[in-house]
Amino acid sequence: MQGMNIFDQALMRLDDAAKYLDLDADVLEKLKYPRETTKVRLMIRMDDGSRKSFMAWRCRYDDTRGPTKGGIRFHPEATAEEVETLAFWMTFKCAVMDLPYGGGKGAVRVDPRTLSKTELERLSRAYIQAFAKVIGPNRDIPAPDVYTNSMVMGWMADEYASIQGEPAPAVITGKPMALGGSLGRDDATARGGYYLVRHLTRRLGLPTQARVAVQGFGNAGQHIARLLAEDGHRIVAISDSRGAVHCPDGIDPRSAIRAKREGSVTALAGSAGISALASEDLVAVDCDLLVPAALEDMIHEGNASRIKASAVLELANGPLTPEADAILERRGITVLPDILANAGGVTVSYFEWVQNRQGYYWPIDDVHARLQTAMEREGDAIWRLARERGLTLRRAAYVHALARLASAIEAHGTQQFFTS
Ligand SMILES: NC(=O)c1ccc[n+]([C@@H]2O[C@H](COP(=O)([O-])OP(=O)(O)OC[C@H]3O[C@@H](n4cnc5c(N)ncnc54)[C@H](O)[C@@H]3O)[C@@H](O)[C@H]2O)c1
C-alpha cells in the first residue's frame, strides 16, 4: 500500500466491494473516474491593496443517484487528488444512507488562519463567482468541511443569490439558522454515530455503561462525549491537538468542553482525579469504545495493536489506515466505518436542502426522529449483510452502497440491453 496515492487506495475499496456483487461492466467503468473536476485560480484583493491568487477545485464525482453533494475545505495542502478522493467517498456515503445524491467535494489551497475576516469573505465569494455554473440546488450542493463553517456557507449562499438574482438557499447546506439552516445540524454527525451505537449496543457486545475514549475534541468529539455521557456511559479519556487527559472514573464532558473553549482539554489534568496523558497513548487506554474524531490516518500500523477497546466508532473520515484496518480485523475488534458512522452530518444536510425546497422548517424532534430512523435502518442493513456474507462492517458498507449505485447505473440500460 505504501507509495500508492490516496485516490488509488480509495479505488481499492471499489474493486474489493465489486468482488461480492455480480456487476455489469458499465458500473466500474462509470465509478472508476470522477465525472468532472473544475480547477480555477481565484484572485482576491488583500486588505493591504495587493492581489493574491489561490488554487481552487470542485469535483462532481458521480451524479447517477442525484445532484452531487459534499463540503468545501480551505486547507494549505489541498490537492486535486485529495478533492477527487473525498468526492469518491461522498458518492459512497450518500449511497449508504440512500440519500438522493451523488458525491462531490471542493477545496481552496489556503491557510485561512493567515487571512483577515474580510479577506476570508472575499475568498468565499470568489469561490462562488468562479464555480456558480458548476454548482446549483439541482446540480451540486456544497457544505462546510475542514476550516469552513456556517458563516462561510452564509457568504457563499448570498453570493450565489446575487448571481442568480434571487435567493436560492438550497444551493448550500450548513448555513446559519437565520439564513435557512436546519435545526440539529450542529451535532448531527455525532448524533448519527450515537444513534448507531445505541441501536447496536447489544450486538457490539458493549456494556450498557461503556467506558469511552474520544480522540479529537472538536465538533464531532465534543458532541459524542456529551451524548454518550448523558446516556450513562463514562468518558474515560479525551485528546486534542495539544495532549490528552485520562480518568478511569469518568470525565465530565461539560468541563472538558469549557476547558477546550479556553484552549485545551489538557487544562483538566490535576483536577477531579484526572491525569495527563500523552496524545499517542489515548488509543491504548483501557476502554470499551474508542471514538476517533480528529484527523485521517491517526490509527496506523504502529499503534493499532495497542487498542484495548472492543469497538471503534469512526466519526472522523478515514481515521484508520488500511494496515490498521487489517490489524483490527485480525484482533476481532469491530469497526463502525466512517461512511456509515459519520453520515449523520450529510443526512441532516439533506434535511436542510429538503426544508429549503419546501420552504417549511421542521421542529428539532422531527429532525432527530428522521435521523435516528435513517441511522438504524442502514445500520441494520449493513449489520445483516456483514453477518450473512461474513464481511467486516466496512466491507459490507461499501458493498451495500455499491449495490445501490449499480442499480442506478444499470437502470440506464446495460450492454445486454443494447446488444440483445
Ligand atoms: N463536523 C462534521 O459535521 C463532520 C462530518 C463528517 C465527518 N467529520 C470528520 O470528523 C473529523 C473531525 O471533524 P470536526 O468537524 O470535529 O473537526 P474540528 O476541527 O472541529 O475538530 C478536530 C479536533 O481534532 C483535534 N486534533 C487535531 N490533531 C489532533 C491530534 N494529533 N490528536 C488528537 N486530537 C487532534 C483538534 O484539536 C480538534 O479538537 C474530521 O475527520 C471530519 O472530516 C466531521
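At what angle do the axes of helix α7 and helix α8 cross? In this predicted model, the axes of α7 (residues 219–230) and α8 (residues 253–261) cross at roughly 165 degrees and come within 9 Å. Because angles over 145 degrees count as roughly antiparallel, α7 is roughly antiparallel to α8. The points below cover the domains, the surroundings of the ligand and three pairs of packed helices.

**Domains**

- The protein is divided into two parts, with domain 1 spanning residues 35–178 and domain 2 spanning residues 188–341.
- A distance of 30 Å separates the C-alpha centres of domain 1 and domain 2.

**Surroundings of the ligand**

- The ligand is surrounded by 20 residues, of which Gly216, Gly218, Ala220, Ala316 and Gly345 are the closest.
- Two elements, α7 and β7 (234–240), give two or more residues to this shell.
- Helix α7 gives the most to the shell, with three residues.
- By class, the shell around the ligand holds twelve polar residues, seven nonpolar residues and one charged residue.

**Helices α7 and α8**

- The crossing of α7 and α8 is left-handed.
- On the side of α7, the contact involves Gln222, Ala225, Arg226 and Ala229.
- These residues meet Pro253, Ala256, Ile257 and Lys260 in α8.
- The contact of α7 with α8 comprises five nonpolar residues, one polar residue and two charged residues.
- Helix α7 thus has two roles in this description: it packs with α8, and it gives three residues to the shell around the ligand.

**Helices α11 and α12**

- Helix α11 covers residues 344–358 and helix α12 covers residues 364–389; their axes come within 10 Å and cross at roughly 130 degrees.
- At this angle, α11 and α12 are therefore oblique to each other.
- The crossing of α11 and α12 is right-handed.
- Helix α11 makes the contact through Gly344, Thr347, Val348 and Phe351, while α12 does so through Val367, Arg370, Leu371, Ala374 and Met375.
- Six nonpolar, two polar and one charged residues make up the contact of α11 with α12.

**Helices α1 and α3**

- Helix α1 (residues 6–18) packs with helix α3 (residues 80–96) at an angle of about 20 degrees, and their axes are 9 Å apart.
- Because angles under 35 degrees count as roughly parallel, α1 is roughly parallel to α3.
- The crossing in which α1 passes α3 is left-handed.
- From α1, the residues Ile6, Phe7 and Ala10 meet Glu81, Glu82, Glu84, Thr85, Phe88 and Trp89 of α3.
- The contact of α1 with α3 divides by class into five nonpolar, one polar and three charged residues.

Methods. Residues numbered from 1 in each chain as written. Predicted model: local features only at pLDDT ≥ 70, side-chain atom pairs only at ≥ 80, totals over all residues. Axes fitted to C-alpha atoms, helices over the stretch in contact; angles between N-to-C directions. Helix = DSSP H or I, 4+ residues; strand = E, 2+ residues; numbered from the N terminus. Parallel < 35°, antiparallel > 145°, perpendicular 65-115°, else oblique. Left-handed = near helix turned anticlockwise from the far one by under 90°. Contact = placed C-beta atoms within 7 Å. Nonpolar A, V, L, I, M, F, W, Y, C, P; charged D, E, K, R; others polar. Near = placed C-beta within 6 Å. Domains from an automatic or database assignment.
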